[in-house]
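Please describe how the helices of this protein pack, where empty space is enclosed, and which residues stand out in their backbone or surroundings.

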Amino acid sequence: MIPLLLEAAARSLVLGVVVWLALWLLRPRNPHLQKTIWIAVLIASLAMPFALWARMAPSFDMPTYIITLTQSMSDSAQAAPISGLQGLLGAATAVYGLVATALLIRFAIGWFATWRIRRSAIPLAQAGESLDVRVSPRVASPATFGSTILLPSSSVDWDEATLKAILSHERSHVRSGDCYVQWLARLHACLFWFNPLAWWLNRRLADLAETTSDDAVIELTLDRTAYADLLLEIARHPAPTTVTAAARSNIAARIERIISNIPPASPPRRWVRAAAVLALLPLFVLAAATAQSPAVPNRVNGVTGATANPAEPHMVDIGNARDPSNYPADAARQGVEGWALVNATLNEEGRVTYVQIVEISPADTSYGFAEAATRVAMGVRFNNPTRRPRQVTFRVKFALTDQHAGDAPNLDTPRAGGTR
């Protein structure tokens with residue numbers, strides 16, 4: 001589970017960065033549209049682990065060769081690293097579970113406490129527009145819980161203008177479902193507490209919700225200064241984190257925006273919002289896509305290869321890849337397996353003249369996988385039908401087996417692949 005969550009968080013983080021860069025370049029000023037986009041990113045982030053687990057997004061075949069080198073080791077040498085890796089993974093799972101559980105319990109306790117406040121609150125007569133407005137002495141400032149507007153008991157002393165402004169602000173939250181979005185963002189932060197995007201999304205969506213609700217008030221009043229003073233007064237009273245409060249989020253920036261006479265933004269049309277969400281769909285599909293091996297490897301001249309196209313280079317000789325000494329000694333001694341992705345440049349005769357290490361795993365260069373993969377790749381020969389310099393991709397894998405040291409290493413000579 002931990003590898004899946006880490007991969008989903010990393011892919012979601014990349015998706016969030018790409019969307020942020022796109023918004024920074026395009027600079028859409030409408031906070032309603034920005035909120036729609038970031039809600040879509042939130043939903044995509046929550047769906048990411050399910051998309052990866054169920055392989056819902058398309059998989060792309062990577063026409064690479066894989067040469068698997070195996071090295072024998074004693075049972076005692078093999079058991080220690082496997083046991084250590086399992087112990088480390090178990091510890092990581094336990095830490096994740098403890099933190100996620102603590103955050104979820106905290107959120108649940110706060111939600112249940114606020115729900116009890118809502119249930120015991122007294123409905124406000126003649127609220128208008130079928131709004132569920134309730135008054136409770138247990139809340140210190142106006143807030144929205146679900147579709148219910150909660151007012152403090154001091155609201156009975158408010159003048160008509162103040163009550164109108166507060167109800168307009170909270171009505172906007174109810175219409176937009178901001179509280180439900182905030183609960184979803186909080187759940188995302190609890191489950192992906194190790195991902196900075198989760199906490200940033202939680203804060204960003206709260207800020208945008210308050211900005212759009214402020215605009216709803218400004219459309220009804222010309223006295224921006226009085227509304228800014230009202231927000232300052234309300235901000236002195238804290239609100240629960242399970243509600244959408246009138247003045248809990250980014251109060252300084254909101255007041256600056258209010259008094260700067262920026263025209264209030266109107267919600268964009270539905271087709272504009274739909275277009276923005278649809279524009280994000282290809283990014284989500286790309287972020288959730290995986291690379292995999294072709295289902296049936298092709299064979300050319302008895303050698304399993306990445307393509308059956310006769311015009312493409314085909315591996316015909318693996319050189320000294322069978323030599324057990326190619327497996328890095330330090331990695332074998334520590335029971336570490338790995339792989340290296342290389343780009344190999346071929347000459348007219350199909351011999352490798354240059355090798356570039358693209359990626360290695362583990363990334364620690366002290367294991368020597370990069371150097372070993374370079375040695376192996378330099379000894380490989382291809383049939384190059386075009387008689388022109390070409391580039392091909394190798395993935396050299398290093399695997400440990402429990403065979404006896406005197407046996408020949410198990411070599412999976414080239415096969416089509418792309419999975420790491």
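Helix H1 (residues 2-26) packs with helix H6 (residues 196-218) at an angle of about 45°, and their axes lie 9 Å apart. Axes here are lines fitted to C-alpha atoms, for helices over the stretch in contact, and angles run from 0 to 180 degrees between N-to-C directions. H1 is therefore oblique to H6, given that angles under 35 degrees count as roughly parallel, over 145 as roughly antiparallel, 65 to 115 as roughly perpendicular and the rest as oblique. From H1, the residues Ser12, Leu13, Gly16 and Trp20 meet Pro196, Leu197 and Trp200 of H6, where contact means heavy atoms within 4.5 Å. The residues of this contact divide into five nonpolar, two polar and no charged; Ala, Val, Leu, Ile, Met, Phe, Trp, Tyr, Cys and Pro count as nonpolar, Asp, Glu, Lys and Arg as charged, and the others, Gly among them, as polar.

The model is predicted, with local features needing pLDDT of at least 70 and side-chain atom pairs counting only at pLDDT 80 or more, while totals for chains, interfaces and linings use all residues. Residues are numbered from 1 along each chain as its sequence is written, and side-chain values use heavy atoms, with hydrogens and water left out.

There are 11 helices and 16 strands in the protein, where helices (H or I, at least four residues) and strands (E, at least two) are DSSP runs numbered from the N terminus. Of the 420 residues, 44% are buried, with buried meaning under 20% relative accessible area, exposed over 50% and partly exposed in between (1.4 Å probe, protein chains only). Among contacts between residues at least 6 apart in sequence, 76% join residues at least 24 apart.

The count of cavities of 30 Å³ or more comes to two, a cavity being a set of points, on a 1 Å grid over the protein atoms alone, where a 1.4 Å probe fits but cannot get out; lining residues have an atom within 4 Å of a point. The largest cavity holds about 70 Å³ of space, a volume being the space filled by probe spheres set on the points, which are joined across faces, edges and corners. Its lining consists of Lys35, Ile39, Asp178, Val181, Gln182, Ala185, Asn202, Leu205, Ala206 and Ala209, and helix H2 (31-54), helix H5 (178-191) and H6 each give two or more residues to that lining. The lining residues divide into six nonpolar, two polar and two charged.

Histidine 188 lies in helix H5 and is buried, with a relative accessible area of 1%. Leaving out residues up to four places away in sequence, histidine 188 touches Leu42, Ser45, Leu46, Ala198 and Leu201.

Two residues that are not glycine have a positive phi, as tabulated here.

| Residue | Phi | Loop | Relative accessible area |
|---|---|---|---|
| Arginine 27 | about 55° | between H1 and H2 | 54%, exposed |
| Arginine 387 | about 60° | between strand E14 (381-383) and strand E15 (390-401) | 51%, exposed |

A cis peptide bond, with omega about 0°, joins serine 361 and proline 362, and proline 362 lies in the loop between strand E13 (352-361) and helix H11 (369-378). Isoleucine 360 lies in strand E13 and counts as buried at 15% relative accessibility. Residues up to four places away in sequence aside, isoleucine 360 touches Trp339, Ala340, Thr365 and Ala370. The C-alpha atoms of isoleucine 360 and lysine 397, which are 37 residues apart along the chain, are separated by 9.9 Å.

Technical notes
1 Å grid on protein atoms, 1.4 Å probe; cavity = no way out; pocket = protein on both sides within 12 Å on 5 of 7 lines; lining within 4 Å.
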